[in-house]
Protein chains: 2
Amino acid sequence: MIDFTDELRLHNLKATPQRLAMSDAMYVNGHINIDALYLIMLKKFHSISLATIYKNINLMLENSFIQEVKIPQDKSVYELSKDIHSHLVCQKCKEVFDINLELETVLSEAQQQSGFKICKTSLVFSGICKKCQ
Amino acid sequence: MIDFTDELRLHNLKATPQRLAMSDAMYVNGHINIDALYLIMLKKFHSISLATIYKNINLMLENSFIQEVKIPQDKSVYELSKDIHSHLVCQKCKEVFDINLELETVLSEAQQQSGFKICKTSLVFSGICKKCQ
DNA sequence: TTATAAAGGATAATCTTTATCCTTTGTTAT
DNA sequence: ATAACAAAGGATAAAGATTATCCTTTATAA
Ligand SMILES: [Mn+2]
Ligand SMILES: [Mn+2]
Ligand SMILES: [Zn+2]
Ligand SMILES: [Zn+2]
């Protein structure tokens with residue numbers, strides 16, 4: 001059970017017990033959606049308000065402590081900020097995996113073709129994971 | 001003003017005036033969200049119900065007549081189904097652009113690393129478009 | 001034409017997310 | 001350690017988004 005007190009403060013977020021537990025849940029689960037997170041939090045905080053979950057998710061996003069990943073035909077999941085990476089989502093078990101891919105070639109090709117100044121890449125593959133096939 | 005009657009029927013969708021207008025709106029605008037689509041539809045159908053928009057969007061998605069594109073930190077947009085492609089979204093003017101990119105190298109690398117059977121790729125770049133910079 | 005399943009409109013119901021208000025608490029400075 | 005205070009939590013209302021229901025209308029095929 002890692003202590004996220006300093007990490008939260010680095011992102012200008014008070015280190016409340018609720019936020020520490022949310023951080024831990026994301027650390028343990030990797031990628032988690034609002035409903036699953038709420039269920040986990042209820043085990044530790046019998047009377048936590050769903051509003052607290054939403055308020056903290058939004059503040060953590062604004063302060064870049066966490067990132068949102070939009071999943072095709074499913075709910076968004078959230079994860080602790082880390083080095084830039086891409087995602088794989090299994091259509092069967094719904095699990096989301098990280099993957100590091102070399103995208104510089106594709107990115108510069110996209111900038112060249114379009115004239116865009118690109119500052120963010122969101123790449124999500126959908127399929128069937130190793131266990132599920 | 002293209003006639004989408006046959007195209008709708010090919011996807012097992014009755015060609016109603018409302019659906020033809022929705023198809024046309026997506027054809028003309030390229031990528032459009034629910035609210036913008038509703039506003040456009042209201043001009044042609046003074047008393048169209050928002051429920052009709054939702055019901056048709058969902059049926060069109062189920063029958064693969066249209067596709068949903070999830071936009072980071074923004075609402076989803078919808079577009080007529082066409083050849084597989086990637087997207088660029090301008091963070092300033094919010095416009096969404098199509099782009100064709102060679103992703104086979106990245107895709108096979110992802111499959112190899114992860115052991116996934118990948119059947120869908122969703123790639124969205126965010127940045128500033130040519131006009132806005 | 002006619003028959004009929006499906007679609008549209010109106011509206012209620014059901015999520016989902018945010019706002020409000022008051023109490024509690026984490027943090028900083030004594 | 002204590003006090004001060006802005007910020008956070010909980011309860012709940014409000015607002016927003018999406019879906020369900022019910023009845024009328026219509027697109028399609030016989
Ligand atoms: Mn991730
Ligand atoms: Mn497109
Ligand atoms: Zn799986
Ligand atoms: Zn722009």
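## DNA strand D

A phosphate oxygen of DNA strand D sits 3.0 Å from a side-chain N or O atom of Arg19(A). That is a polar contact, meaning a pair of N or O atoms within 3.5 Å; within protein, one must be able to donate a hydrogen and the other to accept it, and residues adjacent in sequence count only if both atoms are side-chain atoms. The model is predicted: local features need pLDDT of at least 70, side-chain atom pairs count only at pLDDT 80 or more, and totals for chains, interfaces and linings use all residues. Residues are numbered from 1 along each chain as its sequence is written, chains are lettered from A and ligands numbered from 1 in the order in which they are written, and side-chain values use heavy atoms, with hydrogens and water left out.

Thr16(A) also reaches a phosphate oxygen of DNA strand D, with a polar side-chain atom at 2.9 Å. Lys14(A) instead places a polar side-chain atom 3.2 Å from a sugar or linking oxygen of DNA strand D. In total, 21 residues surround DNA strand D, and the nearest are Thr16(A), Ser47(A), Arg9(B), Tyr54(B) and Asn58(B). Sugar and phosphate make up 79% of the atoms of DNA strand D that come within 4 Å of the protein. A residue counts as near a strand or molecule if one of its heavy atoms lies within 4 Å of it.

Which elements supply the surface near DNA strand D? At least two residues each come from α2 (17-29) and α4 of chain A and from α4 of chain B. The largest share, five residues, belongs to α4(B). Helices (H or I, at least four residues) and strands (E, at least two) are DSSP runs, numbered from the N terminus. By class, the surface near DNA strand D has seven nonpolar, seven polar and seven charged residues. Here Ala, Val, Leu, Ile, Met, Phe, Trp, Tyr, Cys and Pro count as nonpolar, Asp, Glu, Lys and Arg as charged, and the others, Gly among them, as polar.

## DNA strand C

Around DNA strand C there are 21 residues, and Arg9(A), Tyr54(A), Thr16(B), Ser47(B) and Ile48(B) come nearest. Of the atoms of DNA strand C within 4 Å of the protein, 75% belong to sugar and phosphate. Chain B supplies several polar contacts. Thr52(B) has a polar side-chain atom 3.1 Å from a phosphate oxygen of DNA strand C. Ser49(B) uses a backbone N or O atom, 3.4 Å from a phosphate oxygen of the strand. Gln18(B) has a polar side-chain atom 3.0 Å from a sugar or linking oxygen.

Three helices each give at least two residues to the surface near DNA strand C: α4 (50-62) of chain A, and α2 (17-29) and α4 (50-62) of chain B. The largest share is five residues, from α4(A). The class split is seven nonpolar, seven polar and seven charged.

## Manganese site

The manganese ion (ligand 2) has protein donors in His31(B) (NE2), Glu79(B) (OE, listed for two donors), His85(B) (NE2), His87(B) (NE2) and Asp98(B) (OD), at 2.0 to 2.8 Å. Donors are N, O and S atoms within 2.8 Å of the metal (3.2 Å for Na, K and Ca); water is not among the atoms, so sites may look incomplete. Along the chain, the donor spacing is H-x47-E-x5-H-x1-H-x10-D.

Which geometry does the manganese ion (ligand 2) have? The site is irregular, with angles of 51 to 166 degrees among six donor atoms. Four donors count as tetrahedral if all angles lie between 85 and 135 degrees; four count as square planar and six as octahedral if opposite donors are over 155 degrees apart and all others between 65 and 115; anything else is irregular. Glu79(B) and His87(B) are both buried. Buried means under 20% relative accessible area, exposed over 50%, and partly exposed in between (1.4 Å probe, protein chains only).

## Zinc site

Cys90(B), Cys93(B), Cys129(B) and Cys132(B) coordinate the zinc ion (ligand 4) through SG atoms at 2.3 to 2.4 Å. The four donor atoms span angles of 102 to 114 degrees, and the site is tetrahedral. The donor spacing reads C-x2-C-x35-C-x2-C. Cys129(B) counts as buried because its relative accessibility is 2%.

## Serine positions

Ser64(A) has a positive phi, near 60 degrees, though not a glycine. Ser64(A) lies in the loop between α4 and β1 (66-69) of chain A. With 39% relative accessible area, Ser64(A) is partly exposed.

Ser126(B) belongs to strand β5 (residues 117-128) of chain B. At 3% relative accessible area, Ser126(B) is buried. Leaving out residues up to four places away in sequence, Ser126(B) is in contact (heavy atoms within 4.5 Å) with Lys117(A), Ile118(A), Cys119(A), Lys120(A), Pro72(B), Val89(B) and Gln91(B).
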